[in-house]
Structure formats: structure tokens, C-alpha cells
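Visitor: I am new to this structure and would like to learn how to read it. Could you take me through a helix and then the enclosed spaces?

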Amino acid sequence: MPPSTDPSRLSPLGKPTEYRAAYAPDLLYPIPRQLQRETLGLDGAALPFVGEDLWNAYELSWLNPKGKPVVAIGTLRVPASSPNLIESKSLKLYLNSLNQTAFADTDAVAAALRADLSAAAGAPVAVALQPLGQQPTAPIGYPEGVSLDDLDIACDAYQPAPHLLAVLAGPVVEETLYSHLLKSNCLVTGQPDWATVVIRYRGRPLDRAGLLRYIVSFRQHNEFHEQCVERIFCDISRRCRPEALAVHARYTRRGGLDINPFRSSGGFASPSNVREIRQ
């Protein structure tokens, strides 16, 4: 049976949890995306963006038919159009429930993950597994574009402040700007979440100092990773009205998982899975 999407269902968020030693897809805890999207004035049936949540799972293991452990890295792609996001602690607990479970082969593990995650998200989730005996394919590097972090600015706003966003006079440009200074906090536990955020757009030039102050303004904001990226996308769209926009954040890993939401107005393709230096 698919996991319940009822938000009143008992949640593992912010609570001590005993690790399950056997395969347990019921551990997955979906959260309806529309709960937060309503606060942004978004209609779930007509979203202003497309995109995905790219997860990298670094602590993934199971047993082969002889009981010998297999270890791998998993890449999970949850479409932004899915009705639910998957809460990260529940995903960690679910993946750890595979540790003492025997599977025929890697394809069988991928099929189980694909079925369980798709049921939780309410839409097809793409799964790719890479046993560690193979050469890793996810490189580490910096984003292409211009870093904002050397700008000499004064900051005094630490809750999202979209009024800081502005455009400058001038012709239409297409550029990529990024910052390593994005920090928000977990909506439930209050633990800090750290990320590099990349903003690619085509339109009148963004005021870079104002954009960096806006990014810093998330510093004491409590919201899930996916929700922060959608808030940034909506704020820039409404305040600056670019012709095309993409927002991509790569969050540092927690519990063996990193989450990398990407939202685009459709003019820019999903970026490659290049890990940020802190991941």
C-alpha cells in the first residue's frame, strides 16, 4: 500500500527513532507540497516552474543472496510536479532498513526504491544506483558563473526580505550568479541547513548587492530545502520579472543525504550533478 499523505499521520520529525533492521517502506513520510505553496500564492494545477529534487544517497547498502553486504551511491530524482515531497529523515530511515535485507541484484534494489519512492511522492521517481566498485561519476566543483560573495555589503535582515530584490537599468542580459552564503533552518528541528545557490536568468540586470542581501536574509528562516528554493524563485520572478529564470540549490549532506532542488521557468535545463565542495 502507498504511504499515507495525511499530514496528521504520526511523523518521525524531530523525534528519536529506532532503526528498523528489515525492509520497511512504511517509514517513508510524504508531505503535501501544496501546504507550503499556498503560502506563496501558488496554484498546484498551474505552477510557474518545472524542475526536480535531486537527492544523492551516500549511505546505501543491502545484502546479496549469500548475505554479503553491497554498498552503493544512489541518485534519486523527484519531479517538482509530484504532489508530495519526501521528508529527509524518513528517507534516511527507509534506506537504512535495506541494510539487513537480501536482494537478488542491484536492479532489484533499484526497482524497489523506484516503486516505494514513487508511491510516496505520488509521481514517478527516477533511481540510479552506482556500486562503489565502479568509478564514481559525480564530480566536485564550483558553479559556472559569477560569485556574489566578495561584494562588500552590510546585512541586517535575517528573515526572507524580497523587497531587497531589484533590477538595474540596461539591456537584457543572460547570466549565472551564485553564492555559498545561503543558510536556512530545518522547519521542525531548527538545525542549520547550508547551501550554494545558483541563479540563472535572462532579463534586465539584477542588482547583485540586493540579491546577495536577499540570499543572506534566509539565515534565520525555518523551511524545508525544496520550499526555500521555490520561495526564492517566486520572489525573484515577482520582483524582477525576468524573461527566464532558474534557481538551483545544493545543500550540504545530513544523514548521508544531500538534497538539490532545481526550479526553472522552462528556459533552462536541469544542471549536471556536480557536487558542491562542501558536499
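Visitor: What should the 16 residues of helix H5 span, and how far apart are its end C-alpha atoms?

Guide: Please keep in mind that this is a predicted model. At 1.5 Å a residue, helix H5, which runs over residues 225-240, should span 22 Å, and its end C-alpha atoms are 22 Å apart, so the two values agree. Just after H5 comes Arg241, which has a positive phi near 50°.

Visitor: How many of the residues of H5 are buried?

Guide: A residue counts as buried when its relative accessible area is under 20%. In H5 this holds for 13 of the 16 residues, so the helix is largely enclosed by the rest of the structure.

Visitor: How many cavities of 30 Å³ or more does a search of the whole structure find?

Guide: A cavity is a space where a probe fits but cannot get out. The search finds 3 of that volume, and the largest has a volume of about 50 Å³. Its lining includes Glu52, Arg77, His248 and Phe262, and the elements giving two or more residues to that lining are strands S2, S9 and S10. By class, the lining of the largest cavity holds 3 nonpolar, 4 polar and 3 charged residues.

Visitor: Which element gives the largest share of the lining of the second largest cavity?

Guide: The second largest cavity, with a volume of about 40 Å³, is lined by residues including Arg33, Leu85, Glu226 and Glu230. Helix H1 and H5 each give two or more residues to this lining, with the largest share, 3 residues, coming from H5. The lining of the second largest cavity has 4 charged, 2 polar and 1 nonpolar residues.

Notes: Residues numbered from 1 in each chain as written. Predicted model: local features only at pLDDT ≥ 70, side-chain atom pairs only at ≥ 80, totals over all residues. Heavy atoms only, no water. Helix = DSSP H or I, 4+ residues; strand = E, 2+ residues; numbered from the N terminus. Expected span 1.5 Å × (residues − 1). Buried < 20%, exposed > 50% of the residue type's maximum accessible area, 1.4 Å probe, protein only. 1 Å grid on protein atoms, 1.4 Å probe; cavity = no way out; pocket = protein on both sides within 12 Å on 5 of 7 lines; lining within 4 Å. Points joined across faces, edges and corners; volume = space filled by probe spheres on them. Nonpolar A, V, L, I, M, F, W, Y, C, P; charged D, E, K, R; others polar.
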